[in-house]
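Work through the three exercises below with the model open beside you, and try each task before reading its solution.

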Amino acid sequence: MSTPGLPDFVARDVDLGMRTTLRLPGRAALHAEIRSSTQLAMLAGNRRRRHFILGAGSNLVLTGDFDGLLLQMAIRGRELIGEDDDAWYVRAGAGENWHQLVLWTLAQGWPGLENLALIPGTVGAAPIQNIGAYGLEVGARLHALEAIDMQTGRMLRLAHADCRFAYRDSVFKQEGWHLDGQRVITRVTFRLPKAWQPLLGYSDLAAELEGQRSSDANDSPNTRPDSHPNGHPQGQADSRTTPRQIAEAVIRVRSRKLPDPATLPNAGSFFHNPVVSASLAEHLAIAHPDLPRYPQPDGRVKLAAGWLIERSGWKGRDLGRVGMYEKQALVLVNRGAARGAEVLALAQAVQADVRERFAVELLPEPVFL
C-alpha cells in the first residue's frame, strides 16, 4: 500500500523478518525498494523520518520494529567501464549480489576479488564494512564510488582516498551513512590489477589448495601419489594456481565453516577479530602458545576472535534460542523463533567471558536496529 505524501514506491508496515539472514522479527513503518538513483532523488530533502539503508540483511540484528523509512538497495548493473595498462575498471550497482559479482569478474577474465568469494551481502554494503577475508580487504580493490546526498538529491563521487579505509572500517561507517541515510551509495567501481598475484597467506586457504593439488595428482596416472606438482612443497602456491581455483578453495573452506542462512539463520562472523597491543598479545601467547596472532603494520597484533570464543567455552553452546555455531565459534545462529533481545543477551555473555578470561574486548560486526 502506498503512503500519502510520498512516492507510490514507498509502502507501509512491511515485514522485515525474511529480509535479514538472522530471521528475527521486526517491521518497518515505511519501506522503499530502490532500483534507481532517481528514486532516491525523489525522496531527498524529506528528513522528518529516520532513514536506514538495507542491503541483503546479512549484517543486521533486528531488535524490534523500525519507525522510520527503510531504503532497501536494489540498484543493479555491472560493466567494464575502462582499462589501462595496469588494470581493468569494473562498475557495479549497489544492489548487486557481492558473491555473484566476484564470480562474474572471474568469468570475464578480470581477477582480483577471488579471496572475497561467498561473502554474503550486496556491493553497496561492501565498502561500508570494508569486508575482508583471507588476506584481502575490498578497500584494496575499490577505485571510486557514487552516492546520493539525501539532503540535496545531488550525486557525489568519492575516490579511494576519500573512503578512509581501515580494518573493518571506513568513512561511511565512521559517519554512519547506513544508519541515518544522509548519503546512499549507488554504484561502486573496482580496480582489478592486470599484474595479478595470488594471496595465499592464510594457512587454511593454502592447505585447501594443496589438498586439491594432491587429489588431482593422485588422479593423474603420470604423477606419484606422494609427489607435489612442479615440486612445490606443501602450503606454497603452485605456479599454475589460477584465480578461479582460489575462489573455489575459498568457497569450499567457507562452506565447511559457515552455515547456510537459508537452513540455519545467521549473520556470518558475529564479532570482529580484535586488534590489541603487542605487549598484550605477547603476554597472552606465553599462557596460550597456540593463540593465532597476526602482526599489523602499526605494530599491534590481530587475534582470532573465534579462537578466543571457543577457548571461553562457547563453541556449540546455546543460550535460549540462539547459540554459537558448533563448527565455527565466531558465528551466532538462530536455532528458531529467536528475538533480537536474545541475540543481544548471548553477545553480551560471550563478550563478558572473553573479557574475563583474556582481558580482550570483542566488538560485534552486525548493526543493531
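**Exercise 1: placing a serine**

Locate S214 in this predicted model by its helix, and decide from its accessibility whether S214 is buried, partly exposed or exposed.

Solution. Begin with the secondary structure: S214 lies in helix 6, which covers residues 203-219. Next, take its relative accessibility of 23%; because buried requires a value under 20% and exposed one over 50%, S214 counts as partly exposed. Finally, compare S214 with V14, from which it is separated by 200 residues in sequence and, C-alpha to C-alpha, by 51 Å in space.

**Exercise 2: the surroundings of a helix**

Determine how many residues of helix 2 (residues 98-107) are buried, and which elements these residues pack against.

Solution. Counting along the helix gives 8 buried residues out of 10, so helix 2 is largely enclosed by the rest of the structure; among them are W98, H99, W104 and T105. The buried residues pack against strand 6 (78-83), strand 7 (87-93), strand 12 (183-193), helix 3 (126-129) and helix 7 (243-257). Turning to the ends, a side-chain oxygen of N97 comes within 3.1 Å of the backbone nitrogen of H99 at the start of helix 2, while G109, with a positive phi near 85°, follows the helix.

**Exercise 3: the edges of a sheet**

Identify which strands stand at the edges of the open sheet ordered 13-19-18-17.

Solution. The sheet has 4 strands with antiparallel pairing. Strand 13 (266-269) and strand 17 (318-319) each have a single partner strand, so one side of each is left without a neighbour in the sheet. Strand 17 is joined to strand 18 (residues 322-324) by 2 bridges, and D318 stands opposite G323 in strand 18.

Notes
Residues numbered from 1 in each chain as written. Predicted model: local features only at pLDDT ≥ 70, side-chain atom pairs only at ≥ 80, totals over all residues. Heavy atoms only, no water. Buried < 20%, exposed > 50% of the residue type's maximum accessible area, 1.4 Å probe, protein only. Contact = heavy atoms within 4.5 Å. Polar contact = N/O pair within 3.5 Å; in protein donor to acceptor, adjacent residues only side chain to side chain. Pairing = 2+ DSSP bridges.
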